[in-house]
Amino acid sequence: MALPLAAIQAGELMEIPSPEADAMKPIVSKDGPRMLSFYYDYFSEVDFDDESGSYQMHAARLQTPVAGGGGERFSWGVDAFFEYINFDVMDQPLLEDQDLYRTGLDLNFIWHKVNGSKWSPVIRLSPSLASDFESVTNDDFRMTAFVGSFYRQRPNLKWLFGLYYTDNLNDELLLPAFGVSWQPTEKMDVTLLGPRIDVSYRPQEDWRLGLFASAHSRSWNIEGDTGSESFEVNSMRTGVRVDYQMKEDLWLVMETGATMLNAVELLDNDEHEVFDDDAETGFFAKLGMRYRF
């Protein structure tokens, strides 16, 4: 029986289902051990609330394991990722079209069964560069980190406690992190981890259906009229997810739904506000594939 596993993904906490035989062990990895993943994401055009104009986005993300190892008591892994976002703006003179990039590493360390305890300490570090790559400075560097522990209360119930740090937004944040992953039946998972809540159901072995809500916040350092500027995009997504197992090691992933609480902010080189406005509700569609080596 495959149990849901908690993972920390590039600054976000999320649940990862694992079909591995040793799924009783919690892991920290993007999509499980030895997993290559690719996603394409479309964000529909939305109008700004108070300012003129609108914007839409296209995104693509590739993540692949680089190295890893471990045994019964300790595991580690290094994943590399690359993310591209095309930001298109219409009829808003204070903003420009942007080609935005994020590339970096996820470094994962977890201790299993420490002295027979139900606690499993975990450390995750995610250094990255977030930029338009027109010029690269120290302002392009980002760091997201998590230090905490899983606690397995029962075989079907896990908790996550710890501290979460990020400078991915315009300010540095150090926050307490909490999560729970619960499997009330063999076919259903309920997960609340960080900025994502997910309820999923597996009607058959090769199908997995889900409902979710998640927060998305990203910032990049870009080259603007005043020099190095900070560009930030935020949204909340709610929708449905369908995972289909095409072959033994190959999964197709589809998501669609609504984007709410959309917002865009631009700060100049002196951190003065150039643009800051919310946007109307839109929709998104996501298509991806996961391949297990």
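Is W220 buried or exposed in this structure? In the predicted model described here, W220 has a relative accessibility of 2% and therefore counts as buried. The residue is one of those with the most contacts inside the largest nonpolar core, and the account below places it within the fold.

The chain contains 17 strands and 0 helices. Of its 293 residues, 47% count as buried. The area exposed by the chain is about 13900 Å², and carbon and sulfur atoms supply 58% of this area. Among contacts between residues at least 6 apart in sequence, 54% join residues that are at least 24 apart.

Several strand pairings were identified. Strand β3, residues 35-47, runs antiparallel to strand β17, residues 282-292, and 9 bridges join the two. Within this pairing, M35 has R292 in β17 as its bridge partner. S37 also belongs to β3. With a relative accessibility of 2%, S37 counts as buried, because the limit for a buried residue is under 20%. The C-alpha atoms of S37 and G288 are 7.3 Å apart in space, although the two residues are 251 apart in sequence.

Strand β3 is also joined to strand β4, residues 54-70, by 9 bridges, and these two strands run antiparallel. The bridge partner of D41 in this pairing is A59 of β4. The two strands form a hairpin with 6 residues between them. In the turn of this hairpin, G53 has a positive phi of about 95°.

Another series of pairings involves strands β7, β8 and β9. Strand β7, residues 119-131, pairs with strand β8, residues 141-154, in the antiparallel sense over 11 bridges. L125 has A145 in β8 as its bridge partner. Strand β8 is in turn joined by 10 bridges to strand β9, residues 157-166, and this pair runs antiparallel. Here F150 stands opposite L160 of β9. Strands β8 and β9 form a hairpin with 2 residues between them.

The largest nonpolar core has 20 residues. Those with the most contacts inside this core are Y55, F87, L95, W220, F231 and V264. The elements that give two or more residues to the core are β3, β4, β5 (74-90), β13 (207-224), β14, β15 (250-267) and β16 (273-279). A second core of 8 residues is separate from the largest one and includes V122, F146, F150 and L160. The residues F150 and L160, which stand opposite each other in the pairing of β8 with β9, are thus both found in the second core.

The structure holds 17 aromatic pairs. In one of them, the ring centres of W207 and Y244 are 4.5 Å apart and the ring planes are at 40°, so the pair is tilted. This pair links distant parts of the chain, with W207 in strand β13 and Y244 in strand β14, 37 residues apart. W207 is partly exposed, with a relative accessible area of 33%. Y244 also counts as partly exposed, at 27% relative accessibility.

A further tilted pair is formed by W220 and F231, with 6.3 Å from centre to centre and 35° between the planes. This pair again links β13, which holds W220, to β14, which holds F231, and the two residues are 11 apart. F231 is buried, with a relative accessible area of 2%, and W220 is likewise buried at 2%. Both residues belong to one aromatic cluster, formed by F43, F48, Y55, F87, W220, F231 and F275. Among the members of this cluster, Y55, F87, W220 and F231 are also listed with the most contacts inside the largest core.

Next to F231 in the numbering is E232, which lies in strand β14, residues 227-247. E232 has a relative accessible area of 8% and is therefore buried. The side chain of E232 makes a polar contact of 2.9 Å with the side chain of N234. E232 and V264 are 32 residues apart in sequence, and their C-alpha atoms are 5.8 Å apart in space. V264 is one of the residues with the most contacts inside the largest nonpolar core.

How values were computed:
Residues numbered from 1 in each chain as written. Predicted model: local features only at pLDDT ≥ 70, side-chain atom pairs only at ≥ 80, totals over all residues. Heavy atoms only, no water. Helix = DSSP H or I, 4+ residues; strand = E, 2+ residues; numbered from the N terminus. Buried < 20%, exposed > 50% of the residue type's maximum accessible area, 1.4 Å probe, protein only. Polar contact = N/O pair within 3.5 Å; in protein donor to acceptor, adjacent residues only side chain to side chain. Pairing = 2+ DSSP bridges. Contact = heavy atoms within 4.5 Å. Areas by Shrake-Rupley, 256 points an atom, 1.4 Å probe, with all protein chains shown as cover. Core = buried A, V, L, I, M, F, W, Y, C linked by side-chain atoms within 4.5 Å. Phe/Tyr/Trp six-rings, centres within 6.5 Å; stacked < 30°, edge-to-face > 60°.
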